[in-house]
Amino acid sequence: MRRRAGLGRRTLEPIEFNFAPMVDVVLILVIFFMLAANLNRPDRAFPVDLPQASSAQAVPQAPLVIALSQSGQVALNGRVVSPAALEGELRQALKNPNRAVLLEADKAATHGKVVSLINLVRLAGGTRLEIATLP
């Protein structure tokens, strides 16, 4: 169909909506929020529910952090470690005997596991052991 300038009705072409740019923007937003949510978490290999203590104090310097989960998993500075490799890694990390060791044990962890970790820190040469609690 031919159109003449100024005469007759205009024919409108159907509007096509292109979803590709919108999908790209949505995916970028999803990735952004996923990364932002991960940046807000502390560096822990697994969640630890700390007990409360009224005498809790802030730690002045960055200590060596040992985390013990409820199920008995152990992490050293946010990295899960096998119990067999833990003593060797502790000896390497505690070459300076004045370095503080912070033990973050879940309040539901067994007493025997906590005591064995304390003993392992002492055998590896640690002299400053602190137990993490909530104020």
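## L103 and its partner strand

In this predicted model, look for L103: sitting opposite it, over in strand 5, is I131. The two strands behind this part of the picture are strand 4, covering residues 100–105, and strand 5; they run parallel and are joined by four bridges.

## The sheet as a whole

Zoom out a little and you'll find an open sheet made of five strands. Read across, their order is 3-2-1-4-5, and the pairing is mixed. At the edges stand strand 3 (79–81) and strand 5 (128–131). Each of these has a single partner strand, so one side of each has no neighbour in the sheet. Going from one strand to the next, the twist averages 30 degrees.

## A helix lying across

Now for helix 2, which spans residues 83–93. Helix 2 lies across strand 1 (64–68), strand 2 (74–76) and strand 3. Its direction is at about 120 degrees to that of strand 3.

## Two pairs of rings

Away from the strands, there are aromatic rings to spot: the structure holds two aromatic pairs. One of them is F17 with F19, whose ring centres are 5.0 Å apart; their planes meet at 80 degrees, so this pair is edge-to-face. How open are these two? F17 has 58% relative accessibility, so F17 counts as exposed, while F19, at 49%, counts as partly exposed.

The other pair is F32 with F33. Here the ring centres are 5.3 Å apart and the planes stand at 70 degrees, so this pair is edge-to-face too. F33 counts as exposed, because its relative accessibility is 55%.

Methods: Residues are numbered from 1 along each chain as its sequence is written. This is a predicted model: local features need pLDDT of at least 70, side-chain atom pairs count only at pLDDT 80 or more; totals for chains, interfaces and linings use all residues. Side-chain values use heavy atoms; hydrogens and water are left out. Rings of Phe, Tyr and Trp (its six-membered ring) pair if their centres lie within 6.5 Å; planes under 30 degrees apart count as stacked, over 60 as edge-to-face and the rest as tilted. Buried means under 20% relative accessible area, exposed over 50%, partly exposed in between (1.4 Å probe, protein chains only). Two strands pair if DSSP finds at least two bridges between them. Axes are lines fitted to C-alpha atoms, for helices over the stretch in contact, and angles run from 0 to 180 degrees between N-to-C directions. Contact means heavy atoms within 4.5 Å.
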